[in-house]
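Subject: Structure for your review

Dear colleague,

Please find below the structure that I am handing over to you. I would be grateful if you could read the notes after it alongside the coordinates.

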Amino acid sequence: MSESTAGGSSATLIVDLIISLDGYASAEGWPGWWGLEGPEYLAWLEEEGKKEYTTLMGANTYRVMSSMSEQASGESPEFSEEEGASLSGLAAIPKVIFSSTLKEPLAWPNSELVSGDAIEAVREMKRTRTGTLSTLGSLSLCRSLLTAGLVDRYRLVVFPVITGKTGRERIYDGYPDVALELVDSRTFDKRSQLLEYIPRVIDGPPEPRRP
C-alpha cells in the first residue's frame, strides 16, 4: 500500500516510463520511442499533455530534456514533427527538479528547484498539494520513490522491441521486490502496450500455498 493511500494524501504520484520489451529505457543508435510511435500513441501523449500534471525529474534528466526542448522550439531538424511538438510543449508544464548541483534561477520555464532530500520533499508535496505528480525519466528517482512507498500508480508503455545488444539504462536494476495489481491496459497502434499498476513493495517471495 502506498503512503498516499494509507494517509489520505491529496496528490497522486505516477511513475511514468517507456521501456523496451527487455526492460531498457533507451538504446544506442535508435530514434526516440525506438521509431515505433504511431498515431494512437501520439494522440494519447497529446491528451496526457493537456492534463494538469506536475512533472518530477532529477538533474540529469533536466539537463537533457531542457536542452532538447529548446532545440525543438527552434524547429531543429534532429526531431520529427511529433517529437518536436512533444518536447517543446514541456516548457509550459510545471516541473519540480531535484538537484544539489543546479542553481537558481533555472533557465527552463516553469521549473522549481528542490535541493533537499527528494523523498521527504515528495512526501510533503503529496501531503500538501492536489492533482497529479508524474515522473519524467529519472530512473534513480523513480526507484527511490517506489522503494519509499510513495508511488500510487506505476505506468509503463512497452514498445515491441528487444535491444539486448544496444540497450541502455536498465530500468529494474536495484529495485526491491514489488507486487503489481493491474488496473488498466491498452494497446496503441497494434504494437505498443500501456500497462498501469498499483505497486506494493514486498519483503520477498510470498509464503508457499499449503495444499
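The notes below take the sheet, the helices beside it, the salt bridges and two single residues in turn.

Please bear in mind throughout that this is a predicted model.

**The sheet**

The strands form an open sheet of 8 with mixed pairing, in the order β5-β4-β3-β6-β1-β7-β10-β9. Its edges are β5 and β9 (177-188), each of which pairs on one side only. From one strand to the next, the twist averages 25°. At the β5 edge, β4 (residues 95-98) pairs with β5 in the parallel sense over 4 bridges, and Val96 has Glu112 of β5 as its bridge partner. Helix α5 packs on the sheet, where it touches β1, β3 (53-58), β4, β5 and β6. The direction of α5 makes about 155° with that of β4.

**Helix α6**

Leu139, Leu141, Cys142, Leu145 and Leu146 are the buried residues of α6. They fall within an arc of 160° when viewed down the helix axis, so they line one face of α6. Just after the helix, Gly149 adopts a positive phi of about 75°.

**Salt bridges**

The whole structure contains 11 salt bridges. Three of them are described here.

Asp16 and Arg155 meet through their side chains at 2.7 Å, N to O. Asp16 belongs to strand β1 (residues 12-20) and Arg155 to strand β7, so this pair ties together parts that are 139 residues apart in sequence. Both Asp16 and Arg155 are buried.

Arg129 forms a salt bridge with Glu112, with 3.2 Å between the closest N and O atoms. This pair also links distant parts of the chain, since Arg129 sits in the loop between α5 (118-128) and β6 (132-135) while Glu112 lies in strand β5, 17 residues apart. Arg129 is partly exposed, with a relative accessible area of 28%, and Glu112 is partly exposed as well, at 35%.

The third pair is Glu196 and Arg153, whose side chains meet at 3.6 Å, N to O. Glu196 is in strand β10 (residues 192-202) and Arg153 in strand β7, 43 residues apart, and the pair links distant parts of the chain. Glu196 is buried, with a relative accessible area of 13%, whereas Arg153 is partly exposed at 27%. Elsewhere, salt bridges that share partners join Asp16, Glu48, Lys51 and Arg155 into one network.

**Asp152 and Ser111**

Asp152 is located in the loop between α6 (139-147) and β7 (153-159). Its relative accessibility is 6%, and because the limit for a buried residue is under 20%, Asp152 counts as buried. The side chain of Asp152 has two polar partners to inspect. A polar atom of that side chain lies 2.8 Å from the backbone nitrogen of Leu13, and a polar contact of 2.9 Å joins the side chains of Asp152 and Lys126.

Ser111 is part of strand β5 (residues 111-114). A polar atom of the Ser111 side chain lies 3.0 Å from the backbone oxygen of Trp108. Leaving aside residues up to four places away in sequence, Ser111 touches Tyr62, Lys95, Ile97 and Leu106.

With kind regards

How values were computed. Residues numbered from 1 in each chain as written. Predicted model: local features only at pLDDT ≥ 70, side-chain atom pairs only at ≥ 80, totals over all residues. Heavy atoms only, no water. Buried < 20%, exposed > 50% of the residue type's maximum accessible area, 1.4 Å probe, protein only. Polar contact = N/O pair within 3.5 Å; in protein donor to acceptor, adjacent residues only side chain to side chain. Contact = heavy atoms within 4.5 Å. Salt bridge = Lys/Arg side-chain N within 4 Å of Asp/Glu carboxyl O. Arc of directions from axis to C-beta. Pairing = 2+ DSSP bridges. Axes fitted to C-alpha atoms, helices over the stretch in contact; angles between N-to-C directions.
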